[in-house]
Amino acid sequence: MNLATPQSQTGFAAWWKQHRFKIIPWLFLAPGLFMFTLYVIWPIFQSIWISFYDWDGLGDPRFIGLANYRELWQDDGFYTSLKNNVIWLVLYMLAVPAGLFIALFLNQTVFGIRLYKSLFFFPFVISQVVVGLVFAWFYDPSNGILALIFHAFGGTPPAILSDENYVTYGIIAAGLWPQIAYCMILYLTGLNNVAPEQIEAARLDGAKGLRMLWHVILPQLRPATFIAIVVTVIGALRSFDLISIMTQGGPYGSSRVLAYYMYETALSEYGYRMGYGATIAVILFLIMMVYISFFLWRMYQQEK
Amino acid sequence: MFPRPIETLSHRTQVLYKFALPIALILWLLPLLAVMLTSIRSPGDINAGNYWGWPTDFNLIENYSAIFTQTPIFKYILNSFKITIPTVAITLFLSCMTGYALAIYRFKVNLWVFFIFVAGNFVPFQILMVPVRDFSVQTGLYDTITGLVLFHSAFQAGFCTLFMRNFIKALPFDLIESARVEGVGEFKIFWYIVMPLMRPAIAALAVLIFTFIWNDYFWATALVQGDQAMPITAGLKSLNGQWIAQWHLISAGSIVAALPPVLMFFLMQKHFIAGLTLGAVK
């Protein structure tokens with residue numbers, strides 16, 4: 001019988017036994033971390049680096065220092081996009097209370113309610129390309145449903161998507177549809193987990209309706225509200241698909257947001273200005289970093 | 001329960017609620033219902049401006065066979081599957097391991113590595129676009145299905161690692177401790193003890209990632225140019241350019257594009273919602 005003790009093991013086996021808990025986690029991490037670094041982490045730094053260059057994507061990049069940033073500072077297209085991003089952020093937040101409202105409406109146990117809940121969630125599952133096409137068709141000034149409503153009341157329908165004043169709001173309305181569905185499902189799950197004893201206790205104390213919602217229910221829904229706000233902010237700043245489908249940034253660039261403007265500058269018929277595009281992306285990244293830092297900070301507090 | 005269960009309220013309120021439900025649903029899904037109805041309209045109806053009334057003829061077969069025979073939509077759908085399924089498999093493979101490493105082992109930079117995955121999952125796509133596109137062009141991955149699969153798998157690993165790590169962290173650690181005492185090797189613990197317990201997490205992520213990747217449009221336009229690798233989202237957009245105002249065809253195409261994720265959602269609803277609402281309760 002082999003009575004090997006740790007001392008009698010030599011070479012690799014002993015070394016492995018001593019160090020395995022230091023090495024094994026990295027073996028598990030290696031493939032994922034490699035791919036993630038290659039495609040996500042490293043490109044962030046590359047983009048920052050490219051933002052100091054003038055580059056068409058093919059030839060040799062030419063170092064121009066801060067010239068891209070200086071140009072951005074005076075670029076009207078940039079300010080329009082930034083302003084639209086702010087509008088998106090503010091109006092997109094409506095998805096959170098609207099989602100809560102629908103969740104409260106559906107939080108019952110009548111027959112068939114599960115099917116209702118899943119059907120209400122539908123808009124989130126389908127592609128934004130489809131959502132964009134459908135809403136573009138709604139807004140169609142000759143035969144869209146909006147036009148029909150206006151005609152029914154004897155008015156002239158506005159051409160939402162070709163009017164600089166309405167276009168961004170029209171696109172946001174389309175974006176809110178799936179986003180509300182998303183917030184709704186977060187709140188439905190949250191409502192499911194509200195402690196029933198607390199509600200009963202509050203009812204005995206005479207709380208009901210809005211006061212109950214505000215003082216008893218909402219505090220318990222805080223995790224759901226937090227996630228709803230995080231995903232809505234990210235969604236607003238990532239808005240790209242709908243703009244690309246519905247207006248391509250038009251009319252005259254009035255519905256562009258930073259994400260779309262970046263794409264248009266770097267990669268479209270307007271030219272291949274990779275350096276300038278990267279500069280816009282860096283600004284967008286910095287804005288997003290505010291939220292990411294906040295999220296990480298909160299996570300860090302929870303992990304401690 | 002909040003609001004108060006409807007059964008405890010007056011009979012009138014209950015009846016009102018039962019009427020309000022379907023009406024609200026119809027209004028909420030009006031865009032989809034209109035698309036479904038229009039996808040079976042005839043070109044005559046479209047030209048006459050009958051977008052919203054009842055169709056005069058039903059062209060279900062004509063319209064759907066038109067999009068499949070006259071356009072490469074079948075190819076686009078096939079491409080979408082070729083992109084989506086491998087991405088789901090690779091992402092899950094990567095993130096089961098990263099999630100396990102970050103949940104089970106204590107090492108100095110553990111939390112930092114975890115935060116890198118979490119932060120990376122939130123960055124705007126545009127900050128990655130120029131370098132990723134350039135990398136793909138240089139390695140011959142531009143305009144290929146493989147190129148899209150590799151990028152998507154890497155990017156989704158961020159969210160999936162977050163999910164898996166938190167899921168494994170909630171498992172009873174004693175299980176692993178006692179296996180170690182029994183002398184079971186670390187890789188065997190991962191494969192035979194933890195993996196079977198991760199099934200719900202794997203199912204939840206599989207449906208979520210399937211939907212995310214199926215619906216991706218941005219990377220399909222940034223990394224693909226030609227029909228041979230184009231998924232349905234970008235394909236539908238390009239068809240929309242060709243079918244000016246042929247709403248019956250656009251609608252039929254939209255329905256076809258939306259169908260796979262919708263079916264996926266209905267079949268795996270429980271897992272889908274479990275994945276999406278991670279962190280919404282605690």
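User: Why does A:Gly144 count as buried?

Analyst: Buried means under 20% relative accessible area, exposed over 50%, and partly exposed in between, with a 1.4 Å probe and protein chains only. A:Gly144 has 0% relative accessibility, so it falls in the buried class. Please keep in mind that this is a predicted model: local features need pLDDT of at least 70 and side-chain atom pairs pLDDT 80 or more, while totals for chains, interfaces and linings use all residues. Residues are numbered from 1 along each chain as its sequence is written, chains are lettered from A and ligands numbered from 1 in the order written, and side-chain values use heavy atoms, without hydrogens and water.

User: Where is A:Gly144, and what does it touch?

Analyst: A:Gly144 lies in the loop between α6 and α7 (145–152) of chain A; helices here are DSSP runs of H or I with at least four residues, strands are E runs with at least two, and both are numbered from the N terminus. Leaving aside neighbours within four places in sequence, A:Gly144 is in contact (heavy atoms within 4.5 Å) with A:Trp137, A:Phe138 and B:Trp52.

User: What makes A:Phe124 and A:Tyr182 an aromatic pair, and why is it called tilted?

Analyst: Across all chains there are 56 aromatic pairs. In this one, the centres of A:Phe124 and A:Tyr182 are 4.4 Å apart and the planes meet at 45°. Rings of Phe, Tyr and Trp (its six-membered ring) pair if their centres lie within 6.5 Å; planes under 30 degrees apart are stacked, over 60 edge-to-face, and the rest tilted, so 45° makes this pair tilted. A:Phe124 belongs to helix α5 (residues 113–125) and A:Tyr182 to helix α8 (residues 167–192) of chain A, 58 residues apart, which links distant parts of the chain. Both A:Phe124 and A:Tyr182 are buried.

User: How do you know that B:Trp54 and B:Phe58 are edge-to-face?

Analyst: Their ring centres are 6.0 Å apart and their planes stand at 70°, so the pair is edge-to-face. B:Trp54 counts as exposed because its relative accessibility is 62%. B:Phe58, at 45%, is therefore partly exposed.

User: What tells you that A:Arg238 sits over the ring of B:Phe125?

Analyst: A charge sits over a ring if NZ of Lys or CZ of Arg is within 6 Å of the ring centre and within 35 degrees of the ring normal. The charged end of A:Arg238 is placed over the B:Phe125 ring, 4.4 Å from its centre. A:Arg273 likewise lies over the face of A:Tyr276, at 4.4 Å from the ring centre. B:Phe125 is also one of the residues that ring pairs link into a cluster, which includes A:Tyr39, A:Phe240 and B:Trp219.

User: Why is B:Asn215 called buried?

Analyst: B:Asn215 has a relative accessible area of 13%, so it counts as buried. Its place is the loop between α11 (199–214) and α12 (218–223) of chain B. Not counting residues up to four places away in sequence, B:Asn215 touches residues of both chains, among them A:Val125, A:Asp241 and B:Pro261.

User: What makes A:Gln248 and B:Asp143 worth pointing out?

Analyst: Most residues other than glycine have a negative phi, and most peptide bonds are trans. A:Gln248 is not a glycine, yet has a positive phi of about 55°. B:Asp143, also not a glycine, has a positive phi of about 65°. A:Gln248 is in the loop between α12 and α13 of chain A and counts as partly exposed because of its 40% relative accessibility. B:Asp143 is in the loop between α7 (126–139) and α8 (145–169) of chain B, and its 16% relative accessible area makes it buried.

User: Which peptide bond is cis, and where does its proline lie?

Analyst: The bond from A:Gly250 to A:Pro251 is cis, with omega near -5°. A:Pro251 is placed in the loop between α12 (241–246) and α13 (258–266) of chain A.

User: Why does B:Leu141 count as buried?

Analyst: At 17% relative accessibility, B:Leu141 is therefore buried. B:Leu141 lies in the loop between α7 and α8 of chain B, and its contacts beyond four places in sequence include A:Tyr39, B:Phe135 and B:Leu150. The C-alpha atoms of B:Leu141 and B:Val224 are separated by 9.5 Å, with their positions 83 residues apart along the chain.
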